[in-house]
Amino acid sequence: MSLTSHDIARIARLARLELGQHESERMLTQLNGFFDLVEKMRAVDTAGIEPLAHPLDVVRDIPLRLREDVAGEQVDRAANQRSAPAVERGLFLVPKVIE
Amino acid sequence: MSGLHDLSVAELAAKLRGREVSAVETARHFLARAKGHESLGAFLAIDEDVTLAQAREADARLAAGDIAPLLGVPVAHKDIFVTRDFPSTAGSRMLAGYRSPFDATVVARLAQAGVVSLGKLNCDEFAMGSSNENSAWHVARNPWDLERIPGGSSGGSAVAVAARLAPAATGTDTGGSIRQPASFCGITGIKPTYGRASRYGMIAFASSLDQAGPMARTAQDCALLLSAMCGPDPDRDSTSLEAAPEDFSAGLGASLEGLRIGVPREFFGAGLAPDVRAAIDAALQEYRGMGAQLVEISLPRTELAIPVYYIIAPAEASSNLSRYDGVKFGHRAGQYGDLTDMYQKTRAEGFGAEVKRRIMVGTYVLSHGYYDAYYLQAQKIRRMIADDFQQAFRQCDLIAGPVAPTVAWKLGEKADDPVANYLADIFTLPASLAGLPGMSIPCGFGAGGMPVGLQLIGNYLDEARLLNAAHRYQQATDFHLRAPAAIAAEEAR
């Protein structure tokens, strides 16, 4: 399997990454080099094997833990917005989305 | 006060408790060392006022009779941990100058135990890399040879400890990022069982793999720090284990008589450099001399760990890093058109080459039509790899082998070849995928006089046994006490 420059453009769009011409070409070569490495993984027979997400699931039952939905610590809006690129009156500013 | 930096964490804590030295004097000593060794590139942020204020508080606690175990001991944090008092950048332009409104749980737990923070340490961008060359800010140099990489991604942590700029440091390990730089810089580091230490406030890379751990000169120091760092954090980390906090120092010193050490034959193949192999073989013989029994085992899917890891970790990374959109925090492009253009330009400017590659790989393997063939297939083989370890642990109590196939390489040597970097992670990735605790301890020197680390892997929650095996080895050897020549020379002055 080999990716094409068309694939690179599609993936970059999905990932919201702008790639320059030179960068896209490099990315194509490097990703194809990488996927050569992945080929032998695809040939492994995994019939009947459950995917593993939490590693300790191998030895014990790991339930998905949910926190009680109750009010806890107070959110300090000013502190949370201190590192925001653009804020006005407590709101995050973004380019106009709806005309 | 010269010589303070020669002390272990345990010795320093005792001197502080005995009021032989104050926390402020200690902090000043290490701050001066950090300043004097700026060219090593270990630190990303230092703030004397913050550090000295914490030290004064530690002195007040000492005077009041507080018995916190690490009171006044200076520790520096990998820049992956968010901190209220220092900027937190994860080594990325994306987070230039970012100030967190809170401390990571690990940072808070260590502060509770009395630690004084010396600042933030260099690392590969978002912990993605094994040479520290992916830091957006500056290179970190190996104190044993300034032309070589210190390893990564916790490269700054390893440099700081090896050069005696900090008695200990925090690190994080996703695919080997504590063990490999510890090995390359001749120090001791442990990655605990996945879920032992809270991930809250650790800037996320691959959430099913990321684990925090300590890096120090001795196993005894690692035990002290790890005890303070670990513990359940159920409200803040959904994957935090319920395991009660443990005193990992309590069992240190127990005999190794009858300990069964598994030696995986796949770790000793053609890819292992002869100089590293010689040091590892000698370490295994040392263990035999201490009464341990060497058992040959097999981890048949060792090589497969590379593609499996480099599918799963980028998949999780592409999802985690989607939060960097230039809206709520972090970098935003200066010039852009509409919202999508803002996202694309912000991310193009904010991320470095390796991070972009991993986002691209992750996005692709999670995309429609490829998910089953890549991501799900990788997760299935991940289970097979974890099962292989459980099979092996029926025959042995812990597993030993090399951390990396070679000693630290030259700066720039593999910088343009991502796959070459990935292949060098072969011996650390299997334990990461299985979520097992692993450590690196200095066990000799290879080509160019560079340190070699022995990797010890334990079963789930078996950190105490690992640390004891490391401690006993360090009582019988002195590799962990050796300092890089330039550092040793200034100590003699």
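These are my notebook entries on a predicted model, covering chain B and its contact with chain A.

**Chain B, overall**

I began with the secondary structure of chain B, which comes to 16 helices and 11 strands. I then looked up the radius of gyration: the value for chain B is 21 Å, close to the 23 Å that the globule rule gives for 493 residues, so chain B is as compact as a globular protein of that length. Along the principal axes, I found that the C-alpha atoms of chain B fill a box of roughly 60 × 55 × 45 Å. For burial, I noted that 62% of the 493 residues in chain B are buried. I also checked the sequence separation of contacts in chain B: among those between residues at least 6 apart, 76% join residues at least 24 apart.

**Helix 9 of chain B**

I picked helix 9 of chain B, residues 305-320, for a length check. Its 16 residues should span 22 Å at 1.5 Å a residue, and the end C-alpha atoms are 22 Å apart, which agrees. I counted 14 of the 16 residues as buried, so helix 9 of chain B is largely enclosed by the rest of the structure.

**Backbone exceptions in chain B**

I searched here with the usual expectation in mind: most residues other than glycine have a negative phi, and most peptide bonds are trans.

I found a cis peptide bond between G152(B) and S153(B), with omega about 10°. I placed S153(B) in the loop between strand 3 (116-121) and helix 5 (155-162) of chain B.

I next noted A90(B), which is not a glycine but has a positive phi of about 55°. A90(B) sits in the loop between strand 2 (74-78) and helix 4 (105-112) of chain B. I list A90(B) as buried because it has 29 C-beta neighbours inside 10 Å, where the cut-off is 20 or more.

R164(B), also not a glycine, has a positive phi of about 60°. I located R164(B) in the loop between helix 5 and strand 4 (168-173) of chain B. With 22 other C-beta atoms within 10 Å, R164(B) is buried.

**Contact between chains A and B**

Last, I looked at the contact, which takes 43 residues from chain A and 56 residues from chain B. On the side of chain A that touches chain B, I found that helix 1 (5-14), helix 2 (21-42) and helix 3 (77-81) of chain A each supply at least two residues. Helix 2 of chain A gives the largest share of that side, 10 residues. I sorted the residues on this side of chain A into 28 nonpolar, six polar and nine charged.

Methods: Residues are numbered from 1 along each chain as its sequence is written. Chains are lettered from A and ligands numbered from 1 in the order in which they are written. This is a predicted model: local features need pLDDT of at least 70, side-chain atom pairs count only at pLDDT 80 or more; totals for chains, interfaces and linings use all residues. Two residues are in contact if their C-beta atoms, placed from the backbone, lie within 7 Å. Helices (H or I, at least four residues) and strands (E, at least two) are DSSP runs, numbered from the N terminus. Ala, Val, Leu, Ile, Met, Phe, Trp, Tyr, Cys and Pro count as nonpolar, Asp, Glu, Lys and Arg as charged, and the others, Gly among them, as polar. The expected span of a helix is 1.5 Å times one less than its number of residues. A residue is buried if 20 or more other C-beta atoms lie within 10 Å of its own, exposed if 12 or fewer, and partly exposed in between; C-beta atoms are placed from the backbone. The radius of gyration is taken over C-alpha atoms; the globule rule is 2.2 Å times the number of residues to the power 0.38.
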